[in-house]
Amino acid sequence: MRLGPSVRGEVEVTVIMCSSLCPANRDTFSNPKVRLCLGSAARRHDWVSTNSAHQTTSPSFDQSFRLPLPAHPEPSERMLELEVRHDDSAVGESPLLGQLSLDLDTAEGFNGDWTRPVDKVFALS
């Protein structure tokens, strides 16, 4: 059985904010950004990212992204991956502050309905 939309389309994701992030540096702040992608680990080059917030542990972003979605997506293509990273170009790879993987067919609030907006707060791990 193939779930998800029957035609190619887009998933729109709006990153509103984060709260109470762990500080990533000695001055008790972070420079967080949120990266997200739709799909399997093989598509990790398709990450999109918010702008970085500066010196905060509770950033506001209010940025929207449209991620391409194939018709009848495979299970791995229905996974929305989000990472919150400390943006510090001096260290190369940005330290991970939290992450979230959502199966858009089964996650609470989605229930496999790809046609309606979902307004939900999710906790990072």
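## Around arginine 35

Arginine 35 touches Trp47, Val48, Ser49, Glu81, Leu82, Glu83 and Arg85, leaving aside residues up to four places away in sequence. The model is a predicted one. Arginine 35 belongs to strand S2, which covers residues 32-38.

One of these contacts is with glutamate 83. Along the chain, arginine 35 and glutamate 83 are 48 residues apart. Their C-alpha atoms are separated by 5.2 Å. Another contact is with Trp47. Here the charged end of arginine 35 sits over the ring of tryptophan 47, 4.3 Å from the ring's centre.

## The open sheet

Strand S2 is part of an open sheet of four strands. The order is S3-S2-S5-S6, and the pairing is antiparallel. Which strands form the edges? They are S3 (48-49) and S6, each of which pairs on one side only. Val48 and Ser49, both touched by arginine 35, are the residues of strand S3.

S5 and S6 run antiparallel and are joined by seven bridges. One residue pair can be named: glutamate 81 has serine 101, in S6, as its bridge partner. Glutamate 81 is also among the contacts of arginine 35.

## The largest pocket

The largest pocket has a volume of about 1,200 Å³. Its lining has 40 residues. The closest to the pocket centre are Val13, Thr14, Val118, Lys120 and Phe122.

Which strand gives the most to this lining? Strand S1 does, with nine residues. S1 spans 9-17. S5 (79-86) and S6 (96-103) each supply at least two residues as well. By residue type, the lining divides into 27 nonpolar, six polar and seven charged.

## Rings and charges

Two of the residues closest to the pocket centre are Lys120 and Phe122. Lysine 120 lies over the face of phenylalanine 122, at 5.8 Å from the ring centre. The other charge placed over a ring here is that of arginine 35, at tryptophan 47.

How many aromatic pairs are there? The count comes to zero. A pair would need ring centres within 6.5 Å.

Methods
Residues are numbered from 1 along each chain as its sequence is written. This is a predicted model: local features need pLDDT of at least 70, side-chain atom pairs count only at pLDDT 80 or more; totals for chains, interfaces and linings use all residues. Side-chain values use heavy atoms; hydrogens and water are left out. On a 1 Å grid over the protein atoms alone, a cavity is a set of points where a 1.4 Å probe fits but cannot get out, and a pocket is an open set with protein on both sides within 12 Å along at least five of seven lines; lining residues have an atom within 4 Å of a point. Grid points are joined across faces, edges and corners, and a volume is the space filled by probe spheres set on the points. Ala, Val, Leu, Ile, Met, Phe, Trp, Tyr, Cys and Pro count as nonpolar, Asp, Glu, Lys and Arg as charged, and the others, Gly among them, as polar. Two strands pair if DSSP finds at least two bridges between them. Contact means heavy atoms within 4.5 Å. Rings of Phe, Tyr and Trp (its six-membered ring) pair if their centres lie within 6.5 Å; planes under 30 degrees apart count as stacked, over 60 as edge-to-face and the rest as tilted. A charge sits over a ring if NZ of Lys or CZ of Arg is within 6 Å of the ring centre and within 35 degrees of the ring normal.
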